[in-house]
Each structure stands twice: as C-alpha cells, then as structure tokens.
Amino acid sequence: MSNLPTILNSNSDDTPLPLIVAKRWNFPLAYAETEDGVLYAVQDWMRGLSGEENIRNLWAMFKKTEAGKQMLNSIVRLPYKAGDGKSYKRDYTTDKGIYLIA
C-alpha cells in the first residue's frame, strides 16, 4: 500500500507538498519564496525523483515532451548555491511545473 495518503494527510503545518515529498524521500529541494508564490529547483526535483546524479540529458529530453512544453512558461532562472559553495543560475518552477515533471 502506498504511503502517499499518509504524506498528504500529514500536511497540518502548511508545508508545501513538494517539500514534504523531498523530506519523505530524503533529497534536498531548493526553493525560493517570491511575490508570485513558492518556486522549486527543477534539477533538485528531477535528481530526487530519478535517483540520477547527472540529470542534464533527462532535463533536456523532458523539455521536448508535451508536459515539458507546458511547463516552460513557468521557468524562472534564479541563483542556486551548489554543494561546492558556488552560486549558479538554475531553473525554478511553480508547484504545477514540479507536478508535471512527476
């Protein structure tokens, strides 16, 4: 039986679902709170769901799919602090964009 209903029902503290999923499956998920709402790091989400460390090709292939094309208008490039301590510009999207990837 899936643990998903338990995860959904445990959202009593208003934690956004993508952050609950990342915590439950133990992967980092960078996010940024903006005037338009919370945006999530696409690469973190894809890495966490797929278990693949290098998701560059996966991300490139996804952008060519119908779901990827739907999501592209919600992509925002924001600063991202990597594990090596350097800052890079990375793709962030809304929760809807994250769900399209899933």
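Trainee: How many helices and strands are in the chain?

Mentor: This is a predicted model. The chain has six helices and four strands. From the N terminus, the order is α-α-β-β-α-α-α-β-β-α.

Trainee: What makes a residue of this chain count as buried, and what percentage of the residues does?

Mentor: The cut-off is under 20% relative accessible area. Of the 102 residues, 30% count as buried.

Trainee: What supplies the area that the chain exposes?

Mentor: About 7,000 Å² is exposed, and carbon and sulfur atoms supply 50% of it.

Trainee: What percentage of contacts join residues at least 24 apart?

Mentor: A contact needs heavy atoms within 4.5 Å. Take the contacts between residues at least 6 apart in sequence: 40% of them join residues at least 24 apart.

Trainee: How much space lies in the largest pocket, and which elements give two or more residues to its lining?

Mentor: The space is about 240 Å³. The elements are α3 (42-50) and α4 (56-63). Of the elements, α4 gives the most, with four residues.

Trainee: Why is Trp59 called a lining residue?

Mentor: A lining residue has an atom within 4 Å of a pocket point. Trp59 is on the list for the largest pocket, so it meets that cut-off. The list also includes Gln43, Arg47, Ile55 and Lys63.

Trainee: What makes Arg90 of that lining charged, and Asn54 polar?

Mentor: Arg counts as charged, so Arg90 falls in that class. Asn is not among the nonpolar or charged types, so Asn54 is polar. The whole lining divides into three nonpolar, two polar and five charged residues.

Definitions and conventions: Residues numbered from 1 in each chain as written. Predicted model: local features only at pLDDT ≥ 70, side-chain atom pairs only at ≥ 80, totals over all residues. Heavy atoms only, no water. Buried < 20%, exposed > 50% of the residue type's maximum accessible area, 1.4 Å probe, protein only. Areas by Shrake-Rupley, 256 points an atom, 1.4 Å probe, with all protein chains shown as cover. 1 Å grid on protein atoms, 1.4 Å probe; cavity = no way out; pocket = protein on both sides within 12 Å on 5 of 7 lines; lining within 4 Å. Points joined across faces, edges and corners; volume = space filled by probe spheres on them.
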